[in-house]
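Colleague: I have a protein with a ligand in front of me, and I'd like to go through the binding site and then the backbone. Can we start once it is on screen?
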Amino acid sequence: MRSFNFTKMHGLGNNYIYVDMFKETLLEEELSRIAVEVSNIHTGIGSDGMILICPSESAPVKMRIFNNDGSEGKNCGNGLRCVAKYAYENKLVTEEKFLIETLSGLVDAEVKLEDGEVNTVTINMGKPKLNRASIPMIGDDKEQVLNESITFNDEKLSMTTVSMGNPHAIFYVEKISDAPVTTLGPIIEKDERFPEGVNVEFVEVVSENELHFRVWERGSGVTQACGTGACAAVVSSVLNGKTKRNTETIVHLAGGDLLINWQENEEVLMTGPAQVICKGIFYYS
Ligand SMILES: N[C@@H](CCC[C@H](N)C(=O)O)C(=O)O
(Lines give C-alpha, C1' and ligand atoms only; values in the text may rest on other atoms or scores of the structure.)
Protein backbone atom coordinates (compact mmCIF):
# COMPACT_ATOMS: atom_id res chain seq x y z
CA MET A 1 0.00 0.00 0.00
CA ARG A 2 1.26 3.53 -0.82
CA SER A 3 0.55 6.50 1.44
CA PHE A 4 0.92 10.27 1.82
CA ASN A 5 0.62 12.76 4.67
CA PHE A 6 -2.33 15.13 4.45
CA THR A 7 -3.86 18.10 6.23
CA LYS A 8 -7.63 18.52 6.02
CA MET A 9 -8.59 22.20 6.08
CA HIS A 10 -11.71 24.24 5.50
CA GLY A 11 -12.71 27.77 4.63
CA LEU A 12 -16.31 28.29 5.82
CA GLY A 13 -16.99 24.55 5.54
CA ASN A 14 -15.59 24.25 1.99
CA ASN A 15 -13.19 21.43 2.87
CA TYR A 16 -10.29 19.90 0.96
CA ILE A 17 -7.51 17.41 1.58
CA TYR A 18 -4.27 19.40 1.27
CA VAL A 19 -1.08 17.64 0.20
CA ASP A 20 2.30 19.32 0.67
CA MET A 21 4.08 18.57 -2.60
CA PHE A 22 7.31 20.05 -1.19
CA LYS A 23 7.46 16.77 0.80
CA GLU A 24 5.20 14.25 -0.95
CA THR A 25 5.36 12.70 -4.43
CA LEU A 26 2.16 11.81 -6.29
CA LEU A 27 2.17 10.69 -9.91
CA GLU A 28 0.65 13.24 -12.33
CA GLU A 29 -1.38 10.55 -14.13
CA GLU A 30 -2.93 9.41 -10.82
CA LEU A 31 -3.93 12.82 -9.40
CA SER A 32 -7.50 12.77 -10.67
CA ARG A 33 -8.14 9.21 -9.39
CA ILE A 34 -6.54 9.99 -6.00
CA ALA A 35 -8.76 13.10 -5.66
CA VAL A 36 -11.87 10.95 -6.18
CA GLU A 37 -10.58 8.26 -3.78
CA VAL A 38 -9.54 10.62 -0.98
CA SER A 39 -12.79 12.62 -1.22
CA ASN A 40 -15.06 9.59 -0.86
CA ILE A 41 -16.90 9.92 2.45
CA HIS A 42 -17.31 6.14 2.86
CA THR A 43 -13.97 4.72 1.72
CA GLY A 44 -11.73 7.81 1.79
CA ILE A 45 -11.45 10.79 4.14
CA GLY A 46 -14.42 12.68 2.73
CA SER A 47 -14.05 16.15 1.23
CA ASP A 48 -15.05 18.58 -1.52
CA GLY A 49 -11.81 17.62 -3.30
CA MET A 50 -8.01 17.67 -3.06
CA ILE A 51 -5.62 20.62 -3.15
CA LEU A 52 -1.90 20.33 -3.86
CA ILE A 53 0.52 22.86 -2.37
CA CYS A 54 3.34 22.79 -4.91
CA PRO A 55 6.70 24.46 -5.55
CA SER A 56 6.49 27.27 -8.12
CA GLU A 57 8.93 29.13 -10.32
CA SER A 58 7.09 32.44 -10.01
CA ALA A 59 5.90 32.47 -6.38
CA PRO A 60 6.76 30.81 -3.06
CA VAL A 61 3.89 28.30 -3.60
CA LYS A 62 1.49 27.12 -6.26
CA MET A 63 -2.05 25.80 -5.67
CA ARG A 64 -3.64 23.05 -7.78
CA ILE A 65 -7.27 22.15 -7.03
CA PHE A 66 -9.12 18.95 -7.92
CA ASN A 67 -12.88 18.73 -7.41
CA ASN A 68 -14.28 15.55 -5.82
CA ASP A 69 -15.22 14.15 -9.27
CA GLY A 70 -11.51 14.28 -10.21
CA SER A 71 -11.75 17.29 -12.56
CA GLU A 72 -9.10 19.98 -12.13
CA GLY A 73 -10.31 23.54 -11.48
CA LYS A 74 -8.29 26.65 -12.28
CA ASN A 75 -9.01 28.62 -9.12
CA CYS A 76 -10.44 28.23 -5.61
CA GLY A 77 -11.00 31.17 -3.25
CA ASN A 78 -11.46 29.17 -0.05
CA GLY A 79 -8.54 26.96 -1.07
CA LEU A 80 -6.27 30.00 -1.53
CA ARG A 81 -6.93 31.19 2.03
CA CYS A 82 -6.13 27.70 3.39
CA VAL A 83 -2.98 27.43 1.23
CA ALA A 84 -1.88 30.83 2.57
CA LYS A 85 -2.42 29.66 6.18
CA TYR A 86 -0.54 26.41 5.53
CA ALA A 87 2.34 28.20 3.76
CA TYR A 88 2.80 30.71 6.58
CA GLU A 89 2.40 28.28 9.50
CA ASN A 90 4.67 25.68 7.88
CA LYS A 91 7.34 28.28 7.08
CA LEU A 92 7.13 27.97 3.30
CA VAL A 93 7.05 31.78 3.53
CA THR A 94 8.33 34.18 6.17
CA GLU A 95 6.49 37.39 5.24
CA GLU A 96 2.81 38.05 5.98
CA LYS A 97 2.26 39.16 2.37
CA PHE A 98 3.25 36.82 -0.47
CA LEU A 99 2.28 35.57 -3.91
CA ILE A 100 0.47 32.30 -4.72
CA GLU A 101 0.47 30.86 -8.24
CA THR A 102 -2.76 29.29 -9.56
CA LEU A 103 -3.63 27.82 -12.96
CA SER A 104 -5.34 31.14 -13.70
CA GLY A 105 -2.41 33.36 -12.68
CA LEU A 106 -0.69 34.91 -9.64
CA VAL A 107 -2.61 36.29 -6.66
CA ASP A 108 -1.50 38.33 -3.61
CA ALA A 109 -2.20 36.82 -0.18
CA GLU A 110 -2.02 38.58 3.18
CA VAL A 111 -2.39 36.59 6.41
CA LYS A 112 -3.69 38.12 9.65
CA LEU A 113 -2.35 36.55 12.84
CA GLU A 114 -3.90 35.88 16.24
CA ASP A 115 -1.66 34.34 18.93
CA GLY A 116 0.91 33.46 16.24
CA GLU A 117 -1.63 31.54 14.14
CA VAL A 118 -3.24 32.60 10.88
CA ASN A 119 -6.83 33.52 11.61
CA THR A 120 -8.07 35.32 8.51
CA VAL A 121 -6.61 35.82 5.06
CA THR A 122 -7.16 38.48 2.42
CA ILE A 123 -6.60 37.42 -1.17
CA ASN A 124 -6.46 39.85 -4.06
CA MET A 125 -8.35 37.68 -6.54
CA GLY A 126 -7.44 39.93 -9.49
CA LYS A 127 -9.73 41.33 -12.18
CA PRO A 128 -12.87 39.44 -13.20
CA LYS A 129 -13.27 38.60 -16.90
CA LEU A 130 -16.67 39.35 -18.31
CA ASN A 131 -16.85 38.59 -22.00
CA ARG A 132 -18.60 35.40 -23.08
CA ALA A 133 -15.48 33.75 -24.53
CA SER A 134 -13.59 34.04 -21.24
CA ILE A 135 -16.29 32.13 -19.29
CA PRO A 136 -16.35 30.22 -21.73
CA MET A 137 -19.93 30.25 -23.01
CA ILE A 138 -21.05 29.57 -26.57
CA GLY A 139 -22.26 32.66 -28.47
CA ASP A 140 -20.93 36.02 -29.68
CA ASP A 141 -17.41 36.48 -28.27
CA LYS A 142 -17.60 40.20 -27.59
CA GLU A 143 -20.84 40.05 -25.67
CA GLN A 144 -21.06 40.22 -21.92
CA VAL A 145 -23.71 37.93 -20.38
CA LEU A 146 -25.53 40.43 -18.18
CA ASN A 147 -29.01 39.68 -16.92
CA GLU A 148 -29.54 37.59 -20.07
CA SER A 149 -32.78 35.69 -20.46
CA ILE A 150 -32.09 31.96 -20.79
CA THR A 151 -34.10 28.74 -20.52
CA PHE A 152 -32.97 25.66 -18.60
CA ASN A 153 -35.27 22.67 -18.25
CA ASP A 154 -38.21 24.71 -19.60
CA GLU A 155 -37.63 27.35 -16.88
CA LYS A 156 -36.94 30.91 -18.04
CA LEU A 157 -34.26 32.58 -15.90
CA SER A 158 -32.08 35.73 -15.96
CA MET A 159 -28.38 34.96 -15.86
CA THR A 160 -25.15 36.93 -15.42
CA THR A 161 -21.80 35.20 -15.99
CA VAL A 162 -18.42 36.13 -14.49
CA SER A 163 -15.00 34.46 -14.68
CA MET A 164 -12.82 34.68 -11.58
CA GLY A 165 -10.29 32.45 -13.36
CA ASN A 166 -13.06 29.82 -13.25
CA PRO A 167 -16.60 30.07 -14.64
CA HIS A 168 -19.64 31.28 -12.68
CA ALA A 169 -23.32 31.71 -13.60
CA ILE A 170 -25.31 33.90 -11.20
CA PHE A 171 -29.09 33.89 -10.72
CA TYR A 172 -31.10 36.17 -8.40
CA VAL A 173 -33.85 34.75 -6.18
CA GLU A 174 -36.43 36.41 -3.92
CA LYS A 175 -35.74 34.10 -0.96
CA ILE A 176 -32.48 32.17 -0.61
CA SER A 177 -34.27 29.27 1.11
CA ASP A 178 -36.26 28.71 -2.12
CA ALA A 179 -33.18 28.66 -4.41
CA PRO A 180 -33.29 25.61 -6.74
CA VAL A 181 -29.70 24.62 -5.89
CA THR A 182 -30.01 20.84 -6.14
CA THR A 183 -32.62 20.77 -8.91
CA LEU A 184 -31.35 23.33 -11.45
CA GLY A 185 -27.72 23.41 -10.22
CA PRO A 186 -26.65 20.10 -11.83
CA ILE A 187 -28.57 20.84 -15.05
CA ILE A 188 -27.00 24.29 -15.53
CA GLU A 189 -23.51 23.00 -14.53
CA LYS A 190 -23.51 20.56 -17.45
CA ASP A 191 -25.50 22.61 -20.00
CA GLU A 192 -23.88 22.32 -23.44
CA ARG A 193 -23.70 26.13 -23.76
CA PHE A 194 -20.86 25.95 -21.19
CA PRO A 195 -18.22 23.81 -22.92
CA GLU A 196 -16.14 23.56 -19.70
CA GLY A 197 -19.13 23.38 -17.32
CA VAL A 198 -19.98 26.17 -14.86
CA ASN A 199 -20.28 26.86 -11.14
CA VAL A 200 -23.89 27.84 -10.39
CA GLU A 201 -24.75 30.50 -7.80
CA PHE A 202 -28.08 31.71 -6.42
CA VAL A 203 -28.14 35.11 -4.72
CA GLU A 204 -30.67 37.01 -2.62
CA VAL A 205 -29.96 40.73 -2.30
CA VAL A 206 -30.45 41.91 1.29
CA SER A 207 -29.16 45.47 0.85
CA GLU A 208 -26.61 47.39 -1.23
CA ASN A 209 -23.78 45.75 0.75
CA GLU A 210 -25.22 42.40 1.87
CA LEU A 211 -26.06 39.22 -0.03
CA HIS A 212 -27.26 35.70 0.77
CA PHE A 213 -25.58 33.07 -1.41
CA ARG A 214 -25.91 29.34 -2.19
CA VAL A 215 -23.82 27.33 -4.63
CA TRP A 216 -23.79 24.23 -6.79
CA GLU A 217 -20.10 23.78 -7.64
CA ARG A 218 -18.86 22.36 -10.90
CA GLY A 219 -17.31 18.98 -10.12
CA SER A 220 -18.32 18.90 -6.44
CA GLY A 221 -22.07 19.68 -6.18
CA VAL A 222 -23.44 21.49 -3.13
CA THR A 223 -20.70 22.95 -0.92
CA GLN A 224 -20.92 25.13 2.18
CA ALA A 225 -19.04 27.96 0.49
CA CYS A 226 -17.33 29.04 -2.73
CA GLY A 227 -14.84 31.92 -2.54
CA THR A 228 -14.57 32.56 -6.27
CA GLY A 229 -18.38 32.25 -6.43
CA ALA A 230 -18.85 34.90 -3.72
CA CYS A 231 -16.50 37.25 -5.65
CA ALA A 232 -18.42 36.57 -8.86
CA ALA A 233 -21.73 37.24 -7.05
CA VAL A 234 -20.51 40.66 -5.88
CA VAL A 235 -19.18 41.57 -9.35
CA SER A 236 -22.51 40.51 -10.86
CA SER A 237 -24.44 42.49 -8.25
CA VAL A 238 -22.45 45.66 -8.95
CA LEU A 239 -22.95 45.19 -12.72
CA ASN A 240 -26.69 44.72 -12.17
CA GLY A 241 -26.92 47.84 -9.96
CA LYS A 242 -27.77 45.88 -6.81
CA THR A 243 -24.62 46.53 -4.72
CA LYS A 244 -21.90 49.21 -4.64
CA ARG A 245 -18.41 49.23 -6.15
CA ASN A 246 -15.42 49.95 -3.88
CA THR A 247 -17.38 48.93 -0.77
CA GLU A 248 -17.03 45.85 1.42
CA THR A 249 -20.03 43.61 0.76
CA ILE A 250 -20.84 40.89 3.28
CA VAL A 251 -21.77 37.61 1.60
CA HIS A 252 -23.62 35.12 3.80
CA LEU A 253 -22.76 31.60 2.61
CA ALA A 254 -24.11 28.36 4.12
CA GLY A 255 -20.84 27.98 6.09
CA GLY A 256 -20.40 31.62 7.21
CA ASP A 257 -19.51 35.06 5.92
CA LEU A 258 -16.98 36.46 3.44
CA LEU A 259 -16.15 40.12 2.88
CA ILE A 260 -15.77 40.98 -0.79
CA ASN A 261 -14.74 44.32 -2.29
CA TRP A 262 -14.69 44.94 -6.05
CA GLN A 263 -12.33 47.90 -6.01
CA GLU A 264 -12.15 50.89 -8.33
CA ASN A 265 -8.98 49.41 -9.92
CA GLU A 266 -11.11 46.39 -11.00
CA GLU A 267 -9.38 43.97 -8.58
CA VAL A 268 -11.52 41.91 -6.19
CA LEU A 269 -10.45 41.53 -2.55
CA MET A 270 -11.76 38.55 -0.57
CA THR A 271 -11.34 38.28 3.22
CA GLY A 272 -12.33 35.31 5.35
CA PRO A 273 -11.18 32.55 7.70
CA ALA A 274 -9.09 29.42 7.12
CA GLN A 275 -8.97 26.51 9.55
CA VAL A 276 -7.15 23.21 10.06
CA ILE A 277 -9.45 20.22 10.79
CA CYS A 278 -6.98 17.34 11.17
CA LYS A 279 -3.75 15.81 9.87
CA GLY A 280 -2.99 12.21 9.05
CA ILE A 281 -1.73 9.55 6.65
CA PHE A 282 -3.87 8.43 3.71
CA TYR A 283 -3.33 4.91 2.33
CA TYR A 284 -4.12 4.21 -1.32
CA SER A 285 -3.53 1.47 -3.87
N1 LIG B 1 -14.70 26.00 -3.88
C2 LIG B 1 -13.95 26.81 -4.72
C3 LIG B 1 -13.98 26.58 -6.20
C4 LIG B 1 -13.47 25.18 -6.57
C5 LIG B 1 -13.35 24.91 -8.06
C6 LIG B 1 -14.66 24.93 -8.80
N7 LIG B 1 -15.56 23.89 -8.40
C8 LIG B 1 -14.39 24.84 -10.33
O9 LIG B 1 -14.36 23.72 -10.88
O10 LIG B 1 -14.20 25.89 -10.94
C11 LIG B 1 -13.84 28.25 -4.28
O12 LIG B 1 -13.85 28.47 -3.05
O13 LIG B 1 -13.67 29.15 -5.09
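Modeller: A term first: a polar contact here is a pair of N or O atoms within 3.5 Å. Please also keep in mind that this is a predicted model.

Colleague: Fine, so how far is the ligand nitrogen from the side chain of N14?
Modeller: The distance between a nitrogen atom of the ligand and an N or O atom in the N14 side chain is 2.7 Å. For oxygen atoms of the ligand, a polar backbone atom of N78 lies at 3.0 Å, and a polar side-chain atom of N166 is found at 3.1 Å.

Colleague: And how much of the ligand does the protein bury?
Modeller: The protein buries 100% of the 370 Å² that the ligand exposes when taken alone, and the ligand sits in the largest cavity.

Colleague: How many residues surround the ligand, and which are the closest?
Modeller: There are 15 residues around the ligand, with N14, G77, E217, G227 and T228 the closest. Sorted by class, this shell has 9 polar, 4 nonpolar and 2 charged residues.

Colleague: Which domains does the shell draw on?
Modeller: At least three residues come from each of domain 1 (2–113 + 274–284) and domain 2 (132–266). In terms of elements, at least two shell residues are supplied by each of β2 (14–20), β4 (61–67), α2 (77–89) and α4 (227–239).

Colleague: Switching to the backbone, is the peptide bond from I135 to P136 cis or trans?
Modeller: That bond, from I135 to P136, is cis with omega near -5°, and P136 is in the loop between β8 (117–124) and β9 (148–152).

Colleague: What about the phi of N246?
Modeller: N246 is not a glycine, yet its phi is positive, at about 65°; N246 belongs to the loop between α4 and β15 (249–253). For context, most residues other than glycine have a negative phi, and most peptide bonds are trans.

Key
Residues are numbered from 1 along each chain as its sequence is written. This is a predicted model: local features need pLDDT of at least 70, side-chain atom pairs count only at pLDDT 80 or more; totals for chains, interfaces and linings use all residues. Side-chain values use heavy atoms; hydrogens and water are left out. A residue is near a molecule or strand if one of its heavy atoms lies within 4 Å of it. A polar contact is a pair of N or O atoms within 3.5 Å; within protein, one must be able to donate a hydrogen and the other to accept it, and residues adjacent in sequence count only if both atoms are side-chain atoms. Accessible areas come from the Shrake-Rupley method with a 1.4 Å probe; for residues, only the protein chains shown count as cover. On a 1 Å grid over the protein atoms alone, a cavity is a set of points where a 1.4 Å probe fits but cannot get out, and a pocket is an open set with protein on both sides within 12 Å along at least five of seven lines; lining residues have an atom within 4 Å of a point. A molecule sits in a cavity or pocket if more than half of its atoms lie within 2 Å of its grid points. Helices (H or I, at least four residues) and strands (E, at least two) are DSSP runs, numbered from the N terminus. Ala, Val, Leu, Ile, Met, Phe, Trp, Tyr, Cys and Pro count as nonpolar, Asp, Glu, Lys and Arg as charged, and the others, Gly among them, as polar. Domain bounds come from an automatic or database domain assignment.
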